[in-house]
2 protein chains.
Amino acid sequence: MRKAVTKKQSVSKKITSSHKPPILFHADAHDPDMLYFSRFSAFDPYLAFSHNGKKIGISHSMEYQRMLLESDFDEVLLLNDVQSSAAKQLGIADYRKISISQQVQQIAEKYGIKEFRVGSRFPAGLAFELHAAGLKISPEADGNLFPERIIKTASEIEALRKGNAASAAGFKAVRKALMESKIKGETLIHQGRELTSERLRELISVAALEQGAVALHTITAGGDQACDCHNAGSGPIRPNELIVVDIFPRRPEDGYWGDMTRTFLKGKASDAQKKLVRTVKKAHALGIELIKPGVSGGNVHNAIQAFFDKEGYVTERDCAEPKGFFHGLGHGIGLEVHEAPFMRATADWKFKAGMTVTVEPGLYYKGLGGVRIEDTIHVTPGGNELLSSSSYQWEIA
Amino acid sequence: MRKAVTKKQSVSKKITSSHKPPILFHADAHDPDMLYFSRFSAFDPYLAFSHNGKKIGISHSMEYQRMLLESDFDEVLLLNDVQSSAAKQLGIADYRKISISQQVQQIAEKYGIKEFRVGSRFPAGLAFELHAAGLKISPEADGNLFPERIIKTASEIEALRKGNAASAAGFKAVRKALMESKIKGETLIHQGRELTSERLRELISVAALEQGAVALHTITAGGDQACDCHNAGSGPIRPNELIVVDIFPRRPEDGYWGDMTRTFLKGKASDAQKKLVRTVKKAHALGIELIKPGVSGGNVHNAIQAFFDKEGYVTERDCAEPKGFFHGLGHGIGLEVHEAPFMRATADWKFKAGMTVTVEPGLYYKGLGGVRIEDTIHVTPGGNELLSSSSYQWEIA
């Protein structure tokens, strides 16, 4: 009666690598390369491959209509047809007993394929079975399957902007809660109860959801908790303590992320806290100032490290309790929240227009607390532009 | 000053497989076997392995404290130490250039390991590198790494009960919205605007979040949309149409899922719609009645198929537009929303106490619409008990 499924807005671009062996996937949409290849939000793993510049998906009958309508595949084969052909050829009575490996062998024979390139995450079990069956399986190093993923299209940049808008909505909710809170001894009272890290995460989740994004693993860590910078934070938020809030929501619609961090403090900041925030803010501005096409990612990281050193903030890394500036300055962001390129001391790649990276300097000292300020930027021919926008106001009386 | 990180409530049980070669992982918590092994919610992939019945994780310094406190590992090695040892041995000046494969080789040498068992999802790239370096890598078939995962502990069952409570909260929100809606021509008006599939998903997401779970890929499909049973549904919800609502939220705290489906109709149901719902409800009750230890999963599926056939509801499967009862009767649920055991026609496994499965008969006919009713059950020595609870009232005036 009514066909309400509409072709979703595509963020795809042509994938051409005609002279190389075809690509093979067995994955769900959690594999960013599979999602990039198919633009299809699949919950369960399925087979897909390339052939003569075409993208071909193999679909269970239950997914068939949706894959036809929503995916980027040029052709969709019915799983049942592939299984039936294989069963006939192998003399197996029940087509439902055809394994995934036998399905791939059937495809390889039909299309005359002797070798498949696969991503580094391709499942080893299937790779070994196919290898044993005489097919050559060539795993590519991370990022080598679609090196073009590192340069974003206009629609990908737009999706990242929306992801960051969801982060920004989270900060707005945090700021509002802190403004509404009353200091009572060593706690904050908000809407009649103690304000906690957990409550802040709830407020952030709802705010992100209203922007069409899902915020998991959000960090809302006060005081020393923020110094273990993967500690999500737990328990009461204390007055006069630095609170690191790192929000990286994902948009289920297209799989793109936002990633931003702000640091807050409710009450009155000490001079040492003020200096720490000021220094990180300066480093953040310096990082953004330095990034433009042709500049080395490693050099930008090292410039920020040198700036912190010069300001007298000591770093100790790679130990059980690191301190100072012990993480990378930033990372690529797209279909993965952490993807190439990575800004770290040893990085020897250079910025190119179209890359999208986070800039997130931070300083962490037990007793004083942690500060991190993070935005997402898009490298342009002349420099870069922010894909995120939120106030840097941090001290809330 | 304050150590607010607390050891989370563990849902673990001992993993013993001492006579077999040690296990190796390079994965994040998205890999259910890794999460089962580590009980550690890691965002980025990391190395872990077993040795003499101990579970050992390798942690970046940034994750070290959290891994010590929150994981099930008996021992946590600092990544930096592993890299430094390897660099020294290989005569490489910069320890940060040590690859993941070199880290594993270092571990293998230190612990005298010649062979690792890996899950079927282990990354092929790393597997091939390790193989080339002379280590034997033996991928296990799906489910063979931890066959004990199929039998749930009391705390796992409790986690699944909470996951299903989040689904139930979603149905409550849907029922409320449908009750509050007014029929206006071919649409429903709720809170001043047209009620859509998208709006129902928003209401469900918020309700699930309030129960500590994240509901993605929720199905809210009306009319013929529900007949393509992986179509999430879009656009206006129509009066007098069957609406299939399938909610499967995940709890970020422990990684366990809920999975339930209810079918609704706002307005007045036709006799054919009533008979369809009645028949599926009977099939649902029959499925639950049949499941107990010793019974074959395939036989239960086939009994439901035979029941639908007898009632005159024709099934056509494995074609581009399947109809009738074209999917499996249910599936295991735990750290994966779809995991072993699967109830389908060809299944030859038998139910055992401690298994947790969904029971979800459905019938779908274009023009009439779709009905699916799904609950999650736990197999007990004497039969089974529901882990989900929500009204079956479906027709809302």
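1. Let me start with strand β19 of chain B, residues 369-372, which is covered on both faces. G369(B) and V371(B) lie on one side, G370(B) and R372(B) lie on the other, and all of them are buried. As background, side chains in a regular strand alternate between the two faces of the sheet. Please keep in mind throughout that this is a predicted model.

2. The partner of β19(B) is β18(B), residues 362-365; the two strands run antiparallel and are joined by four bridges. Within this pair, Y365(B) stands opposite G369(B). The strands form a hairpin with three residues between them, and there G367(B) takes a positive phi near 95°. That glycine is a good place to pause when you look at the turn.

3. Strand β3 of chain B (residues 54-59) is also worth a look, as it is mostly covered, with five of its six residues buried. How does β3(B) run relative to β2(B), parallel or antiparallel? The answer is antiparallel, with four bridges joining β3(B) to β2(B), residues 46-51. One bridge pairs H51(B) with K54(B). The two strands make a hairpin with two residues between them, and N52(B) in the turn has a positive phi of about 50°.

4. Strand β3(B) also pairs with β4(B), residues 75-78, and here the strands run parallel, again through four bridges. G57(B) has V76(B) as its bridge partner in β4(B). To put the two pairings together, β3(B) is antiparallel to β2(B) and parallel to β4(B).

5. Elsewhere in chain B, three strands form an open sheet in the order β7-β8-β9, with antiparallel pairing. Its edge strands are β7 (182-184) and β9 (193-194), each of which pairs on one side only. Strand β8(B), residues 187-190, is joined to β9(B) by two bridges, and I189(B) stands opposite E194(B).

6. Now for the cavities. How many of 30 Å³ or more does a search of the whole structure find? There are five, and the largest holds about 80 Å³ of space. Both chains contribute to its lining: S205, L209, A213, V214 and A215 appear from chain A and also from chain B, and L216(B) joins them. The elements giving two or more residues to this lining are α7 (197-210) of chain A, along with α7 (197-210) and β10 (214-215) of chain B. By character, the lining divides into nine nonpolar residues, two polar and no charged.

7. F122(A) is another residue I would look at with both chains displayed. It sits in the loop between β5 (115-118) and α5 (124-132) of chain A. Is F122(A) buried or exposed? F122(A) counts as buried because its relative accessible area is 3%, under the 20% limit. Leaving aside neighbours within four places in sequence, its contacts in chain A are L24(A), F25(A), H26(A), A127(A) and L130(A), while those in chain B are F122(B), P123(B) and A124(B). By contrast, S84(A) is 38 residues from F122(A) in sequence and 25 Å away in space, C-alpha to C-alpha.

8. A last point concerns the cysteines. The count of disulfides over all chains comes to zero. C319(A) is partly exposed, with a relative accessible area of 23%, and C319(B) is partly exposed too, at 22%. Both are classed this way because their values fall between the limits of 20% and 50%.

Terms used. Residues numbered from 1 in each chain as written. Chains lettered and ligands numbered in written order. Predicted model: local features only at pLDDT ≥ 70, side-chain atom pairs only at ≥ 80, totals over all residues. Heavy atoms only, no water. Buried < 20%, exposed > 50% of the residue type's maximum accessible area, 1.4 Å probe, protein only. Contact = heavy atoms within 4.5 Å. Disulfide = S-S within 2.5 Å. 1 Å grid on protein atoms, 1.4 Å probe; cavity = no way out; pocket = protein on both sides within 12 Å on 5 of 7 lines; lining within 4 Å. Points joined across faces, edges and corners; volume = space filled by probe spheres on them. Nonpolar A, V, L, I, M, F, W, Y, C, P; charged D, E, K, R; others polar. Pairing = 2+ DSSP bridges.
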